[in-house]
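Visitor: Could you walk me through this structure and tell me how the labels on its residues are earned?

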Amino acid sequence: MNYSHEVENMCVVNKGVGHGPAPIPQEGKWTESKQITDIYGLTHGVGWCAPQQGACKLTLNVKGGIIEEALVETLGCSGMTHSAAMAAEVLPGKTILEALNTDLVCDAINTAMRELFLQIVYGRTQTAFSEDGLPIGAGLEDLGKGLRSQVGTLYSTKAKGPRYLELAEGYITRIGLDEEGLTCGYEFVHLGKMMENIRKGMDANEALAKAKGSYGRFDEAAKYIDPRVE
C-alpha cells in the first residue's frame with residue numbers, strides 16, 4: 001500500500017465505533033451482507049438497448065451469491081433472441097458480481113442485469129420477506145401452460161383503429177365488433193396448449209380447435225374481423 005507524504009506524517013486517530021452495513025431483508029431474514037456469498041433472492045428486472053429497439057425481462061434466482069436460475073424474455077428485436085440463448089447459458093453458476101461484469105451480448109440484457117443487481121444487493125427482491133425464498137424452478141411458473149411468455153401485441157392507426165394481435169390469453173384470431181363498430185370481445189388460440197396437444201400426437205386441426213377460446217361479448221358481436229387481414 002502506498003501513502004502520500006502528507007498521509008505518512010499524520011498521527012493516528014482511532015475510530016470510536018465500527019458501524020456495520022445496514023441489514024437488508026432476504027428470504028424472510030434481516031441480514032448484514034458483507035460479501036457476495038451473503039446475497040439471496042429471486043426478482044425480475046427490465047432492460048433496454050441504446051436505440052430502444054427492444055427490451056429484455058430478466059428473472060434471476062440467487063442463492064449464496066450464485067445465480068441458480070435464470071429466465072430471459074426478450075421483445076422487439078430478432079437478434080436479441082439469439083443473445084438471450086447465449087445469456088441463458090452463461091448466467092447460471094456465476095456470482096451476481098461476475099454476471100454484472102459479463103458481456104451478455106445484447107445491451108438490453110446487460111441493462112436488465114444491472115437493474116437486477118441493484119435490486120438484489122439492496123434487498124429489494126420479490127422474496128425479501130418470504131421464508132427460505134422460492135425453490136429453483138420458480139421462474140418457470142411465470143410462463144404458465146406451454147411455457148410461453150406473457151405477451152401483448154396490439155397495433156393501431158388513427159384511420160382504422162386498434163387491432164388486437166396477441167394478448168395474455170393467446171394469439172388473436174378474430175375480433176368481435178358490436179353494432180357501433182366497437183370491440184366487444186375476441187377469439188384466441190392458446191398456442192402453448194395447442195403445441196402441447198400436437199406434441200402428444202393430436203391432429204393439428206383438433207388441437208387448434210381445443211385450444212380456442214373467447215373473451216368478452218364475442219358471441220354477441222354484430223361483426224367479426226380477422227385483425228391481420230381486415
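What follows is a conversation about burial, salt bridges, strands and helices.

Guide: Happy to, and please keep in mind that this is a predicted model.

Visitor: Let's start with Met 194. Why is Met 194 called buried?

Guide: Its relative accessible area is 13%. Buried means under 20%, so Met 194 gets that label. Met 194 sits in helix H5, which covers residues 191–199.

Visitor: Which residues is Met 194 in contact with, leaving aside its neighbours within four places in sequence?

Guide: Those are Val 189, Ala 207, Leu 208 and Ala 211. Contact here asks for heavy atoms within 4.5 Å. For one of these partners, Ala 207, there is also a C-alpha to C-alpha distance: 5.2 Å from Met 194, although the two are 13 residues apart in sequence.

Visitor: Now to the salt bridges. How many are there?

Guide: The count comes to 6 salt bridges.

Visitor: What makes Asp 132 and Lys 29 a salt bridge?

Guide: Their closest N and O atoms are 3.8 Å apart. The rule wants a side-chain nitrogen of Lys or Arg within 4 Å of a carboxyl oxygen of Asp or Glu, so this pair qualifies. Asp 132 belongs to the loop between H4 and S6, and Lys 29 to strand S2, so the salt bridge ties together parts that are 103 residues apart in sequence.

Visitor: Are Asp 132 and Lys 29 buried, partly exposed or exposed?

Guide: Asp 132 has 52% relative accessibility, and exposed means over 50%, so Asp 132 counts as exposed. Lys 29 has 47%; that value falls between the 20% and 50% cut-offs, so Lys 29 counts as partly exposed.

Visitor: What about the pair Arg 148 and Glu 166? What makes that a salt bridge?

Guide: The closest N and O atoms of Arg 148 and Glu 166 are 3.0 Å apart, and the limit is 4 Å. Arg 148 lies in the loop between H4 and S6, while Glu 166 is in strand S7 (residues 161–167), so this pair ties together parts that are 18 residues apart in sequence. Arg 148 is partly exposed at 33%, whereas Glu 166 is buried at 16%.

Visitor: How do you know that Arg 114 and Glu 115 form a salt bridge?

Guide: Their closest N and O atoms are 2.8 Å apart, and that is within the 4 Å limit. Arg 114 counts as partly exposed at 39%, and Glu 115 is partly exposed too, at 24%.

Visitor: What makes the phi of Glu 27 worth pointing out?

Guide: Most residues other than glycine have a negative phi. Glu 27 is not a glycine, yet its phi is positive, about 50 degrees. Glu 27 lies in the loop between S1 and strand S2 (29–31), and its relative accessible area of 7% makes it buried. Asp 132, also not a glycine, has a positive phi of about 65 degrees.

Visitor: How do you know that S3 and S4 pair?

Guide: Pairing needs at least two bridges, and strand S3 (residues 41–48) and strand S4 (residues 55–63) have 8, in the antiparallel sense. One of the bridge partnerships joins Gly 47 to Cys 56 in S4. The hairpin has 6 residues between the strands, and Gln 52 there takes a positive phi near 55 degrees.

Visitor: How do you know that the span of H4 is close to the expected one?

Guide: Helix H4 (residues 107–121) has 15 residues and reaches 21 Å from its first C-alpha to its last, close to the 21 Å expected at 1.5 Å a residue. Its buried residues include Ala 108, Ile 109, Met 113, Leu 116 and Phe 117. The buried residues of H4 pack against elements including S3, S4, strand S5 (66–75) and helix H2 (78–90). After H4 comes Gly 123, with a positive phi near 80 degrees.

Visitor: One last stop: which residues form the nonpolar surface patch?

Guide: Met 1, Tyr 3, Val 7 and Met 10 do, with about 520 Å² of accessible area together. Take Val 7, which is in helix H1 (residues 5–8): patch members need over 30% relative accessible area, and Val 7 has 37%, which makes it partly exposed.

Definitions and conventions
Residues are numbered from 1 along each chain as its sequence is written. This is a predicted model: local features need pLDDT of at least 70, side-chain atom pairs count only at pLDDT 80 or more; totals for chains, interfaces and linings use all residues. Side-chain values use heavy atoms; hydrogens and water are left out. Helices (H or I, at least four residues) and strands (E, at least two) are DSSP runs, numbered from the N terminus. Buried means under 20% relative accessible area, exposed over 50%, partly exposed in between (1.4 Å probe, protein chains only). Patches are made of residues with over 30% relative accessible area and no salt bridge: like charges are joined within 9 Å, nonpolar side chains (Val, Leu, Ile, Met, Phe, Trp, Tyr) within 5 Å. Accessible areas come from the Shrake-Rupley method with a 1.4 Å probe; for residues, only the protein chains shown count as cover. The expected span of a helix is 1.5 Å times one less than its number of residues.
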